[in-house]
Amino acid sequence: MAGKPRLHYTNGRGRMDSIHWLLAAAGVEFEEQFLETPEDLEKLRNDGSLMFQQVPMVEIDGMKLVQTRAILNYIATKYNLYGRDIKERALIDMYAEGMADLNELFIFFPLCRPDQRDAEMTLIIEKATNRYFPAFEKVLKSHGQDYLVGNRLSKADIYLVELLYYVEELDPSLLAKFPLLKALKTRISNLPTVKKFLQPGSPRKPPLDEKGVEQLKKIYKIK
């Protein structure tokens, strides 16, 4: 029997968080090997574990996978969260790419200077509520189904709900304008595997605090 996937990253969200969410939604238990010092990262680089010298890296099925989208696609395919055919996969990829663009803003938000935080938060909210959320609300309205693609759960639904939670952390009122997205969030959150992930004590990561930001800068040598 294959062992649990092993995730190599810092103890936080970042680019690994979508992988946390997707594995959890698939009901897959995983282990985490946290990077705590610059030396931990250098060790992975020096032993040849990181093809492009960067994390996240996931050990799964005898492979050491890097590049977030490649990892997500492998997990989605393995656990039947990637559509029924090539057209459905194209839609899932298209939606997920838009979500990834929005997620980039969340990834870098904790690292912005204090005097930039208000402007960055305004930008995130503006992009989410004027560009991305209306587009996905329109998709759900266009077909009247419970999920974004093919009326079945896919990685796109899970990715979107992850981002809905992020936005609610900034302003809980923002989803009021998007009733179908709000219903999707409730629907996904009530899936037994996701409900377990949302409970206290799960591997779900909180927002990065000041101490976490300083550790992150130290590990990646960010000035």
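**Strands, salt bridges and unusual backbone angles**

In this predicted model, Val58 stands opposite Leu65, a residue of strand β4. That pairing belongs to a set of four bridges which join β3 to β4 (residues 63–66), the two strands running antiparallel. Together β3 and β4 form a hairpin with two residues between them, and in the turn Asp61 has a positive phi of about 50°. On β3 (residues 57–60) there is also a pairing with β1, again in the antiparallel sense and over three bridges. Within this pairing, His8 has Met57 of β3 as its bridge partner.

The approach to β3 has a feature of its own, since a cis peptide bond, with omega of about 15°, joins Val55 and Pro56. Pro56 itself lies in the loop between α2 (38–46) and β3. Most peptide bonds are trans, and most residues other than glycine have a negative phi. Against that background, two further residues may be looked at for their backbone angles. Asn80 is not a glycine, yet its phi is positive, near 60°; Asn80 is placed in the loop between α3 (68–78) and α4, and with a relative accessibility of 46% it counts as partly exposed. Lys221, likewise not a glycine, has a positive phi of about 55°. Lys221 lies in the segment after α9 (210–220), and because its relative accessible area of 60% is over the 50% cut-off, Lys221 is exposed.

From the backbone we turn to the charged side chains. Side chains of opposite charge can pair when their charged atoms come close. In this model the count comes to 13 salt bridges, among them one between the side chains of Glu104 and Arg15, with a distance of 2.4 Å from N to O. Glu104 lies in helix α4 (residues 86–108), whereas Arg15 lies in the loop between β1 (6–9) and α1 (17–25), so this salt bridge ties together parts that are 89 residues apart in sequence. Glu104 counts as partly exposed at 28% relative accessibility, and Arg15 also counts as partly exposed, at 28%.

Another salt bridge is formed by Glu168 and Lys185, whose closest N and O atoms are 3.0 Å apart. This pair links distant parts of the chain, with Glu168 in helix α6 (residues 155–170) and Lys185 in helix α7 (residues 179–189), 17 residues apart. Lys185 has a relative accessibility of 13% and therefore counts as buried, the cut-off for that class being under 20%. The side chains of Arg113 and Asp115 meet in a salt bridge as well, at 3.1 Å from N to O. Of these two residues, Arg113 counts as partly exposed at 48% relative accessibility, while Asp115 counts as exposed at 59%.

Helix α6 also holds Lys155, which is buried, with a relative accessible area of 9%. What surrounds this lysine can be read from its contacts: when neighbours within four places in sequence are left aside, Lys155 is in contact with Leu22, Asn73, Ala76, Leu81, Tyr82, Ile92, Asp93 and Ala96. In terms of the elements already introduced, Leu22 falls within the residue range of α1 (17–25), Asn73 and Ala76 fall within that of α3 (68–78), and Ile92, Asp93 and Ala96 fall within that of α4 (residues 86–108).

Methods: Residues are numbered from 1 along each chain as its sequence is written. This is a predicted model: local features need pLDDT of at least 70, side-chain atom pairs count only at pLDDT 80 or more; totals for chains, interfaces and linings use all residues. Side-chain values use heavy atoms; hydrogens and water are left out. A salt bridge is a side-chain nitrogen of Lys or Arg within 4 Å of a carboxyl oxygen of Asp or Glu. Buried means under 20% relative accessible area, exposed over 50%, partly exposed in between (1.4 Å probe, protein chains only). Two strands pair if DSSP finds at least two bridges between them. Contact means heavy atoms within 4.5 Å.
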